[in-house]
Amino acid sequence: MVQQVLYRALVSTRWLAESVRAGKLGPGLRVLDASWYSPGTREARKKYLERHVPGASFFDIEECRDKASPYEVMLPSEAGFADYVGSLGISNDTHVVVYDGDDRGSLYAPRVWWMFRVFGHRTVSVLNGGFRNWLKEGHPVTSEPSRPEPAIFKATLNRSLLKTYEQVLENLESKRFQLVDSRAQGRYLGTQPEPDAVGLDSGHIQGSVNMPFMDFLTEDGFEKSPEELRAMFEAKKVDLAKPLIATCRKGVTACHIALAAYLCGKPDVAIYDGSWFEWFHRAPPETRVSQGKGGKA
């Protein structure tokens, strides 16, 4: 088997600062601020307009999604994604660097990294350490919005990186894929509520393993080393040589599992896009496991 050469999933704050300083941002290198905050806390677009990496555009996850879906933050169509990222000056030849302003160092950036990859774009990276460390290290910021020249992007959906409700339901019987849930342990177990949720109990999909996404990050907000990440998967008896589906509440922090596995040399982790939100509303009750309400969510 020929070893696949993987594009670098992470770039350092130093590398990006040097690229900004050298005037390299343009059609060949675009930076995206993919911040999102819980309702009632901070407004992501407002924060972007206050300060961001010079030359960065704001990637609005609420705009770049399937607005017709009853579920949370589902992927847009190929045409919808192509039009949206094309409006940000991104073509199929652009190296895209994504970051967000979450205090942990990373929250939504891996979701946008995965979105580019699922739509066939290979040259995309996450800013390791995020905006938190960009600021901490004293790199430049601006309040000037980016106005890139629109570009043409052709999106081709890679279905192998995406799983549907029907496929996950079938997997309960076939067990062809390992299933890993990235939410905090209390939400996975059903002992803590889902935040900002109405009519959504916590709990998990039958047979899934819990690996909270925060554990993939150091206290300083950087990705842990591949050696540390491999040890974490091994400790949970997750075999990176076998197929793997990642899930969470709405398909966002599940992408941290895909990123961690990618850093270990496994680029084929699929995301269950509907995740627990869809599963809770559609799946048979016996497949929803919780320690909260009598064993069923």
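This passage walks through the sheet, a buried helix, a few individual residues and the open and enclosed spaces of a predicted model.

A good place to begin is the open sheet of 5 strands, which has the order β1-β5-β4-β2-β3 and parallel pairing. Strands β1 (10-11) and β3 (57-58) stand at the edges, and each has a single partner strand, so one side of each is left without a neighbour in the sheet. Further in, strand β2 (residues 29-33) runs parallel to strand β4 (residues 95-99), and 5 bridges join the two. One residue pair can be picked out here: Val31 has Val97 as its bridge partner in β4. Helix α4 (residues 109-118) packs on this sheet, where it touches β2, β4 and β5 (124-127). The direction of α4 makes about 175° with that of β5. As general background, strands of a sheet pair through backbone hydrogen bonds, in either a parallel or an antiparallel manner.

Later in the chain comes helix α9 (residues 254-263), which is mostly covered, with 10 of its 10 residues buried. The buried residues of α9 are Ala254, Cys255, His256, Ile257, Ala258, Leu259, Ala260, Ala261, Tyr262 and Leu263. Just after α9, Gly265 takes a positive phi of about 95°.

Two of these α9 residues turn up again elsewhere in the model. Ile257 is among the residues touched by Asp181, and Leu259 helps to line the largest cavity. Asp181 itself belongs to strand β7 (residues 178-181). Is Asp181 buried or exposed? Its relative accessibility is 1%, so Asp181 counts as buried, the limit being under 20%. Leaving aside residues up to four places away in sequence, Asp181 touches Tyr188, His204, Ser208, Val209, Asn210, Met211, Pro212, Thr247, Cys248 and Ile257. For readers who like to find their way by distances, the C-alpha atoms of Asp181 and Pro110 are separated by 15 Å, and these two residues lie 71 residues apart along the chain.

Positive phi values also appear in residues other than glycine. Lys175 has a phi near 55° and sits in the loop between α6 (165-174) and β7. With a relative accessible area of 62%, Lys175 is exposed, because exposed residues are those over 50%. Ser275, also not a glycine, has a positive phi of about 50°. Ser275 is placed in helix α10 (residues 275-282), and its relative accessible area of 0% makes it buried.

Finally, there are the spaces within the fold to consider. The largest pocket holds about 610 Å³ of space. Its lining is made up of 28 residues, and those nearest its centre are Trp36, Ser38, Tyr108, Pro195 and Lys250. By class, the pocket lining divides into 13 nonpolar, 4 polar and 11 charged residues. As for enclosed space, the count comes to 1 cavity of 30 Å³ or more. The volume of the largest cavity is about 40 Å³. Which residues line the largest cavity? They are Gly105, Ser106, Val126, Leu127, Asn128, Gly129, Leu217, Gly221, Glu223 and Leu259. This cavity lining has 4 nonpolar, 5 polar and 1 charged residues.

Notes. Residues are numbered from 1 along each chain as its sequence is written. This is a predicted model: local features need pLDDT of at least 70, side-chain atom pairs count only at pLDDT 80 or more; totals for chains, interfaces and linings use all residues. Side-chain values use heavy atoms; hydrogens and water are left out. On a 1 Å grid over the protein atoms alone, a cavity is a set of points where a 1.4 Å probe fits but cannot get out, and a pocket is an open set with protein on both sides within 12 Å along at least five of seven lines; lining residues have an atom within 4 Å of a point. Grid points are joined across faces, edges and corners, and a volume is the space filled by probe spheres set on the points. Ala, Val, Leu, Ile, Met, Phe, Trp, Tyr, Cys and Pro count as nonpolar, Asp, Glu, Lys and Arg as charged, and the others, Gly among them, as polar. Helices (H or I, at least four residues) and strands (E, at least two) are DSSP runs, numbered from the N terminus. Buried means under 20% relative accessible area, exposed over 50%, partly exposed in between (1.4 Å probe, protein chains only). Contact means heavy atoms within 4.5 Å. Two strands pair if DSSP finds at least two bridges between them. Axes are lines fitted to C-alpha atoms, for helices over the stretch in contact, and angles run from 0 to 180 degrees between N-to-C directions.
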